Protein chains: 4
Amino acid sequence: MISFKNDYSEGACEAILELMQAENREQHPGYGTDAICEEARRLILEQIDCPQAAVHFLVGGTQTNRIVIANTLRPYEAVIAVETGHINTHETGAIESSGHKVIAVAGKDGKILPEAIEQAVAAHPDEHMVKPAMVYISNATEIGTIYTEQELAAVSAVCRKLGLKLFVDGARLGSALTAQGNDLTLKKLAELCDVFYIGGTKNGALFGEAVVITNPELDCNFRYMMKQSGALLAKGWLLGLQFLGLFRSETFFKLAGHANAMADQIRAGLKKAGIPLLTETPTNQIFPILENKKMEVLSREVAFETWEKADDTHTVIRLVTSWATTQEQVDKLLSLL
Amino acid sequence: MISFKNDYSEGACEAILELMQAENREQHPGYGTDAICEEARRLILEQIDCPQAAVHFLVGGTQTNRIVIANTLRPYEAVIAVETGHINTHETGAIESSGHKVIAVAGKDGKILPEAIEQAVAAHPDEHMVKPAMVYISNATEIGTIYTEQELAAVSAVCRKLGLKLFVDGARLGSALTAQGNDLTLKKLAELCDVFYIGGTKNGALFGEAVVITNPELDCNFRYMMKQSGALLAKGWLLGLQFLGLFRSETFFKLAGHANAMADQIRAGLKKAGIPLLTETPTNQIFPILENKKMEVLSREVAFETWEKADDTHTVIRLVTSWATTQEQVDKLLSLL
Amino acid sequence: MISFKNDYSEGACEAILELMQAENREQHPGYGTDAICEEARRLILEQIDCPQAAVHFLVGGTQTNRIVIANTLRPYEAVIAVETGHINTHETGAIESSGHKVIAVAGKDGKILPEAIEQAVAAHPDEHMVKPAMVYISNATEIGTIYTEQELAAVSAVCRKLGLKLFVDGARLGSALTAQGNDLTLKKLAELCDVFYIGGTKNGALFGEAVVITNPELDCNFRYMMKQSGALLAKGWLLGLQFLGLFRSETFFKLAGHANAMADQIRAGLKKAGIPLLTETPTNQIFPILENKKMEVLSREVAFETWEKADDTHTVIRLVTSWATTQEQVDKLLSLL
Amino acid sequence: MISFKNDYSEGACEAILELMQAENREQHPGYGTDAICEEARRLILEQIDCPQAAVHFLVGGTQTNRIVIANTLRPYEAVIAVETGHINTHETGAIESSGHKVIAVAGKDGKILPEAIEQAVAAHPDEHMVKPAMVYISNATEIGTIYTEQELAAVSAVCRKLGLKLFVDGARLGSALTAQGNDLTLKKLAELCDVFYIGGTKNGALFGEAVVITNPELDCNFRYMMKQSGALLAKGWLLGLQFLGLFRSETFFKLAGHANAMADQIRAGLKKAGIPLLTETPTNQIFPILENKKMEVLSREVAFETWEKADDTHTVIRLVTSWATTQEQVDKLLSLL
């Protein structure tokens with residue numbers, strides 16, 4: 001049985017494993033105050049050419065979303081997201097549990113539209129309603145699409161005009177930035193938003209998300225918020241080490257590029273087999289629409305998520321590739337389609 | 001200038017004012033443990049023929065919604081409501097501030113449909129999503145419509161089937177129960193839900209909402225929750241007194257009936273004047289669609305809320321009558337339409 | 001049976017009742033945006049000679065404490081209070097329910113000492129601990145003592161030095177400011193703190209606390225916080241009216257002075273009867289230490305709170321006078337001691 | 001420079017590193033639903049001979065404390081802990097951030113006394129105060145002492161009598177259970193409390209705490225709470241793997257025993273050098289009282305925490321050994337004392 005269920009089935013890439021072996025018996029200061037974290041921070045900031053930004057390392061995505069948002073908003077403030085946004089659907093109310101409403105708006109291909117932001121703000125004019133104060137987007141989005149530079153710039157512009165902070169969830173940022181058709185750089189992304197994070201968990205790290213805060217307002221006492229939320233890892237150097245491994249020698253981009261290349265092969269195979277897709281995506285998530293019978297057969301040898309019912313005889317499934325996907329796995333999959 | 005802006009412009013009905021004068025210098029035990037509250041509770045429970053239910057008196061609606069919901073749900077549980085539900089739109093995120101997501105579903109005429117409840121539950125199957133545990137509805141709804149007994153029974157049945165608690169916001173319950181076409185009784189309502197409240201603020205009381213909890217699970221330590229939320233009024237007897245005034249001699253129903261009768265006259269006048277309505281409503285809220293020019297003229301002598309833009313030359317406004325609306329006010333309004 | 005249990009047994013003073021009668025049938029804008037509130041605000045600001053301060057009217061003390069503190073603190077910040085502070089003992093965790101720790105420090109006669117504040121701050125140096133950001137005191141304190149101007153100035157100075165906001169709970173502020181030995185004025189109090197409130201509930205109003213915010217930072221979106229907490233009263237003019245009644249013709253001070261005068265008589269009577277006190281207090285709360293046998297006899301004709309066990313044969317009780325306490329009640333009490 | 005600052009400076013023990021290498025490229029189901037977690041659970045439950053208990057793997061201690069407590073308490077309920085308890089001092093208000101008060105009581109040698117629990121409950125009799133519902137203790141305690149079976153049984157008995165849940169923080173449980181003088185077994189501990197956790201982070205794991213819930217009430221929807229708190233690790237198998245490594249071949253106890261043995265040598269050395277201790281501790285934390293001059297000299301070659309000022313010329317420091325402490329490090333330290 002091979003699995004295309006998700007991009008977090010395996011452990012870490014070799015570069016990281018080697019670093020772990022090398023550092024395992026060294027004594028490191030606790031809570032991310034060590035030299036490894038320092039070096040990982042430097043490497044990340046080099047990428048965005050913004051040495052004054054803050055970088056914090058957290059363990060997972062839901063934790064990161066909750067902390068970034070809760071540290072930004074005052075109690076009655078809310079965050080705007082598309083209906084399919086991860087914080088709106090798949091975090092068990094983590095944002096609400098910190099006291100804040102998620103204002104869900106309709107998106108297009110999983111992306112937020114500037115006019116939807118304007119409408120949401122217009123619809124919340126006074127103290128009888130929550131006060132929109134932040135916009136949350138994901139790149140790649142939850143359904144595998146990506147923002148072009150122009151699209152992100154438009155979202156950014158409306159946020160700045162309306163006094164909203166812009167937060168980019170980058171759990172799959174590597175895949176977005178190395179996708180065919182992408183014209184966005186990490187540096188440009190950093191300029192256009194107030195805070196974003198670089199996902200390690202889904203791109204070759206054991207775990208870890210690196211939050212980059214370019215707007216210093218949002219960094220205020222961030223470590224207090226991390227500690228209170230149980231997100232200040234005792235052996236914080238382990239998190240720094242993940243990103244040291246990813247950002248030395250461009251490993252981060254190479255791994256993501258590999259995942260995309262594997263997905264491209266699958267997309268080509270699906271096209272050849274005449275299997276339609278729910279959405280065109282250039283990243284490591286693919287949503288083919290399979291005949292139910294075919295799906296059943298496939299499921300005997302391949303693990304995947306069923307996404308939604310298409311019609312009475314068809315189902316949308318999700319296939320995900322990763323840094324660890326092998327050519328053999330892809331070949332096997334294609335032979336079954 | 002006369003106002004049809006809302007149903008909480010004036011003070012209290014005569015019956016209540018007289019009681020206040022009579023009791024003002026008496027010494028009452030604090031926090032709702034007094035004889036007046038006891039008698040008011042008895043009168044309410046008599047109405048629903050359910051002596052074992054619990055009754056608590058709170059000051060206002062948002063406070064009540066927040067406390068009832070937060071005392072029912074565990075941290076990761078959510079409440080389902082229609083998109084137009086008061087808790088979803090006009091409470092500044094009070095429910096979210098207590099940690100809980102409001103799952104907003106499309107309604108019909110401001111009312112929830114049983115199938116929407118089923119779909120919402122089906123869409124939240126596991127621990128990556130919030131867990132629906134309660135359904136919140138308002139009767140009358142936020143746009144002035146009412147639930148028939150059959151409609152409420154259908155909602156109740158689906159809630160019981162799915163293990164959801166049913167909560168009825170009765171801020172305008174008086175108006176609903178005395179509306180033309182209503183076939184629901186207070187007793188039947190009480191049977192069909194787990195908890196509801198009887199709105200005093202909008203029906204002749206100075207302030208006050210009487211929460212009636214028929215499902216004893218939901219009453220667990222309710223007074224702790226009230227106190228923690230700053231909702232255990234020191235002079236709690238004042239709240240009991242409001243409901244004593246309302247439920248002696250059927251005053252509650254008479255006042256609501258008066259408000260509806262005034263609204264009926266306005267509805268008839270609008271019809272005669274050929275002015276269309278946004279929705280047919282039998283209660284004390286009316287939503288006429290006015291030509292903008294007419295609206296402007298009207299606004300010089302009458303205060304009202306503008307509800308939404310209808311088209312480029314028309315606007316929906318909201319007119320609200322109350323227990324205190326006079327025939328003179330209605331005549332004046334009609335003369336201007 | 002007469003009661004000295006508390007200062008919130010009765011309704012409202014005559015001035016307020018008359019205003020309520022007069023305004024009952026008028027149509028007022030909702031939520032505290034009316035002319036009565038405006039006038040009440042003006043009268044209060046006149047007292048403190050600080051026209052730019054903000055005044056908000058809330059219903060009760062716990063509600064007020066929770067909202068003021070939660071609107072000031074960021075999520076990981078904490079408020080310092082004496083162990084006997086109301087927020088630490090008698091609000092069912094209202095402050096914690098808004099996410100904030102109360103750092104309890106030992107007090108002296110119910111009052112906080114500047115050095116205790118300094119120690120509390122020194123004990124919380126980094127992100128592994130909460131961050132002290134506010135000091136909460138009550139005047140009169142929970143055990144009936146008062147702050148002199150010098151004492152309050154010293155507390156204020158240490159707060160300003162350490163960057164802490166100072167909040168004064170004035171649920172019994174009237175009694176404090178009219179007590180024998182008091183040298184503090186409302187104006188001076190306002191200068192020395194960032195926010196305080198003037199208690200109406202315990203001094204002649206039906207209900208109501210007037211929050212005065214002299215530090216504009218703390219007023220940021222305060223009405224959002226009120227609405228979210230269920231504390232924006234629909235008929236907000238009722239609250240304004242309470243303070244209009246209290247601050248026209250110095251009624252507020254006269255009522256509090258009466259309560260103190262009644263308490264002074266009781267203190268004198270206790271002294272004469274050789275009954276010792278737990279603490280010397282100049283306000284409307286008295287804590288005599290009674291022989292258990294005497295306490296039992298007294299309890300047959302007078303209601304009071306038992307405070308704590310003094311020794312095997314003695315108990316501390318609490319006697320409270322109010323604006324409504326009559327000479328007859330005091331005479332009766334004294335005759336029984 | 002060698003460090004005795006804490007027990008989380010190094011990575012993982014060999015057994016765990018080997019498992020990580022072996023499993024790194026395997027595809028595992030996400031979120032702790034994999035076979036490795038299953039096997040780790042089985043090994044732990046074998047230890048306590050309680051196959052029906054639930055085991056969940058979390059990343060760190062603060063996270064675990066917050067989730068266990070918040071999943072147990074209703075909104076107005078509180079947890080009792082000693083003043084030195086980790087949740088009361090060093091978690092940045094994590095418990096309060098979930099809405100709950102920590103009732104801090106004086107302890108004895110870092111341990112809670114049954115009578116202190118009884119007093120705390122007696123002091124919180126009604127709805128004006130929080131409702132004590134849980135007792136939190138640590139074993140080993142925050143100052144290195146341990147509970148004997150008799151002591152724990154007495155605490156457990158009073159909890160059961162009063163209807164309080166008992167929660168044991170076992171961040172340093174390995175050290176406690178292998179300390180000289182310990183007579184408590186893991187099995188007995190499990191019987192005496194409702195929930196506890198086994199600390200991996202400080203005893204040879206990369207990270208990880210294994211929560212064991214013997215009272216099924218406390219396990220209700222625990223995974224929802226984990227996910228909402230950002231504590232459901234995507235690669236959950238990594239956590240299972242830590243405990244697989246620790247509980248195969250008794251590694252957990254051997255590592256802890258080693259840390260204690262190293263500490264015993266240091267204790268002996270201190271005694272020989274005539275250096276007094278703050279408290280007698282049998283675990284891996286030692287609190288010597290050093291002359292300031294000696295402390296300064298020591299600090300040039302050894303890293304440690306300063307604990308508190310003893311007097312004008314002496315300071316208490318904290319020395320911590322771990323599974324990774326070497327004989328060379330101990331010898332070096334002893335040579336400097």
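Two strands are said to pair if DSSP finds at least two bridges between them. Helices (H or I, at least four residues) and strands (E, at least two) are DSSP runs, numbered from the N terminus. The model is predicted: local features need pLDDT of at least 70, side-chain atom pairs count only at pLDDT 80 or more, and totals for chains, interfaces and linings use all residues. Residues are numbered from 1 along each chain as its sequence is written, while chains are lettered from A and ligands numbered from 1 in the order in which they are written.

**Stop 1: the sheet of chain C**

Select the strands of chain C. Seven of them form an open sheet with mixed pairing, in the order S2-S8-S7-S6-S5-S3-S4. Strand S2 (54-58) and strand S4 (102-105) of chain C are the edge strands, each pairing on one side only. From one strand to the next the twist averages 25°; axes are lines fitted to C-alpha atoms, for helices over the stretch in contact, and angles run from 0 to 180 degrees between N-to-C directions.

Next, isolate strand S7 (residues 195-199) and strand S8 (residues 209-213) of chain C, which pair in the antiparallel sense over five bridges. Which residue of S8(C) stands opposite C:Gly199? The partner is C:Glu209.

Add helix H2 (residues 35-48) of chain C. This helix lies across S2, S7 and S8 of chain C and runs at about 125° to S2(C).

**Stop 2: where chain C meets chain B**

Display chains B and C together. Two residues are in contact if their C-beta atoms, placed from the backbone, lie within 7 Å. On this basis the contact takes 39 residues from chain C and 39 residues from chain B. On the chain C side, helix H1 (14-23), helix H3 (61-72), helix H5 (94-97) and helix H10 (222-228) each supply at least two residues. Colouring that side by class gives 14 nonpolar, 18 polar and seven charged residues. In this scheme Ala, Val, Leu, Ile, Met, Phe, Trp, Tyr, Cys and Pro count as nonpolar, Asp, Glu, Lys and Arg as charged, and the others, Gly among them, as polar.

**Stop 3: the domains of chain A**

Move to chain A. Its domain assignment gives domain 1 (2-7 + 251-336) and domain 2 (14-250); such bounds come from an automatic or database domain assignment. The C-alpha centres of the two domains of chain A lie 27 Å apart. Across the boundary, 19 residues of domain 1 of chain A are in contact with 25 residues of domain 2 of chain A. Which helix of chain A gives the most to the domain 1 side? Helix H12 (residues 251-272) does, with nine residues. By class, the domain 1 side has eight nonpolar, nine polar and two charged residues.

**Stop 4: a helix pair in chain A**

Select helix H2 (residues 35-48) and helix H11 (residues 237-247) of chain A, whose axes come within 8 Å and cross at roughly 40°. H2(A) and H11(A) are therefore oblique to each other. Angles under 35 degrees count as roughly parallel, over 145 as roughly antiparallel, 65 to 115 as roughly perpendicular and the rest as oblique. The crossing of H2(A) past H11(A) is left-handed; a crossing has that hand if the near helix is turned anticlockwise from the far one by less than a right angle, and is right-handed if clockwise.

Show side chains at the contact: among them are A:Ile36, A:Leu43 and A:Ile44 of H2(A), together with A:Trp237, A:Phe243 and A:Phe247 of H11(A). The residues of this contact divide into ten nonpolar, two polar and one charged.

**Stop 5: a helix pair in chain D**

Select helix H6 (residues 114-122) and helix H7 (residues 149-162) of chain D, which pack at an angle of about 20° with their axes 9 Å apart. That makes H6(D) roughly parallel to H7(D). H6(D) passes H7(D) in a right-handed crossing. H6(D) brings D:Pro114, D:Ile117, D:Glu118 and D:Val121 to the contact, and H7(D) brings D:Ala154, D:Val155, D:Val158, D:Cys159 and D:Leu162. By class, the contact has eight nonpolar, no polar and one charged residues.

Keep H7(D) in view and add S5 and strand S6 (165-169) of chain D: H7(D) lies across both, running at about 145° to S6(D). Finally, select strand S3 (residues 77-82) and strand S5 (residues 131-138) of chain D, which pair in the parallel sense over four bridges. Here D:Val79 stands opposite D:Met134 in S5(D).
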